[in-house]
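Biologist: I should like to learn how to read the features of a structural model. Could we proceed from the general idea to the particular case each time?

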Amino acid sequence: MNMREPAKGTVARGKQGYNLYLSVDTAEVAGVELKNPLAKNELNLAEGKVLYSRFCAPCHGEQGDGQGLVGQKFKGVPSYSAGRVAELPAGHIFHVITYGRGRMMPHGSQVNPTERWKIVMYVQQLQTGEVATAVETDEKVENEAGGEAITDNPVTGTSVETPKN
């Protein structure tokens, strides 16, 4: 019973299955066909910055320049504001976060789809060269920076109110 094929087009609980909507499951096609479903607002951008600092900054750096601690040791981590990477669309970035690319390992199991879209939102801001989120640093972000997780989800740092798309 456990080895049966699932019905075509079904999505397992807790899985989003964005690739079900793609004509071809590649980052390039995702860049054309996927759009960020979240509204670009200060809250989503601030949460994206926190998530970026946890999952992306060790390699890509706080400024998105590829000079994080890992990026300095292992050369070749791209800068978001230079070259081809500066023009990547949201769907492409989302796909790369989910499935990885080159030496970048996939983060789909660590960050849920809603959180990935928030990271994409912040990365797109870094593509333009803006580091500030244009929001005041709230108490939650300041306390998390001290190493103490004070949120409902200790792995990703987001609150329970975040919709799990």
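The dialogue below takes up confidence, secondary structure, burial, empty space and a few single residues.

Biologist: Where should a reader begin?

Modeller: This is a predicted model, in which local features need pLDDT of at least 70, side-chain atom pairs count only at pLDDT 80 or more, and totals for chains, interfaces and linings use all residues. Residues are numbered from 1 along each chain as its sequence is written, and side-chain values use heavy atoms, with hydrogens and water left out.

Biologist: What is the mean pLDDT of the protein chain?

Modeller: pLDDT is the predictor's confidence in each residue, on a scale from 0 to 100. The protein chain has a mean of 78, and 72% of its residues reach 70 or more. Among the elements, helix α2 (residues 42–55) has the highest mean, 94, and helix α7 (residues 139–145) the lowest, 45. Over residues 135–157 the pLDDT stays under 50; the model has 35 contacts beyond four places in sequence for this stretch. Contact means heavy atoms within 4.5 Å.

Biologist: How many helices and strands does the protein chain have?

Modeller: Helices (H or I, at least four residues) and strands (E, at least two) are DSSP runs, numbered from the N terminus. Here there are seven helices and zero strands. Of the contacts in the protein chain with a separation of 6 or more, 57% are between residues 24 or more positions apart.

Biologist: What share of the residues is buried?

Modeller: Buried means under 20% relative accessible area, exposed over 50%, and partly exposed in between (1.4 Å probe, protein chains only). Buried residues are 39% of the 165 in the protein chain. As for total area, the Shrake-Rupley method with a 1.4 Å probe is used, and for residues only the protein chains shown count as cover. The protein chain exposes about 10,100 Å², of which carbon and sulfur atoms supply 55%.

Biologist: Is α5 mostly covered or mostly uncovered?

Modeller: Helix α5 is mostly covered, with nine of its 10 residues buried. Among them are His-92, Phe-94, His-95 and Ile-97. The cover over the buried residues of α5 includes α1 (27–33) and α6. After α5 comes Gly-100, which has a positive phi, near 80°.

Biologist: How is empty space found, and what lines the largest cavity?

Modeller: Rolling a probe the size of a water molecule over the atoms shows where empty space is left. On a 1 Å grid over the protein atoms alone, a cavity is a set of points where a 1.4 Å probe fits but cannot get out; a pocket is an open set with protein on both sides within 12 Å along at least five of seven lines; and lining residues have an atom within 4 Å of a point. Grid points are joined across faces, edges and corners, and a volume is the space filled by probe spheres set on the points. The structure holds one cavity of 30 Å³ or more, and the largest cavity has about 40 Å³ of space. Phe-55, Cys-56, Ile-97, Met-104, His-107, Val-111 and Ile-119 line the largest cavity. By class, this lining has six nonpolar residues, one polar and no charged. Ala, Val, Leu, Ile, Met, Phe, Trp, Tyr, Cys and Pro count as nonpolar, Asp, Glu, Lys and Arg as charged, and the others, Gly among them, as polar.

Biologist: Which residues are closest to the centre of the largest pocket?

Modeller: The largest pocket has about 680 Å³ of space. Of its 26 lining residues, His-60, Val-77, Pro-78, Arg-101 and Met-104 are the closest to the centre. Two or more lining residues come from each of α3 (57–60), α5 (90–99) and α6 (113–127); α5 gives the largest share, four residues. The lining comprises 17 nonpolar, six polar and three charged residues.

Biologist: What does Pro-58 touch beyond residues up to four places away in sequence?

Modeller: Pro-58, in helix α3, touches Ser-53, Gly-68, Leu-69, Val-70 and Gly-71. The C-alpha atoms of Pro-58 and Val-70 are separated by 5.8 Å, although the two are 12 residues apart along the chain.

Biologist: Where does Asp-65 lie?

Modeller: Asp-65 is in the loop between α3 and α4 (69–73). Asp-65 counts as partly exposed because its relative accessibility is 33%. Not counting residues up to four places away in sequence, Asp-65 touches His-60, Pro-78 and Ser-79.
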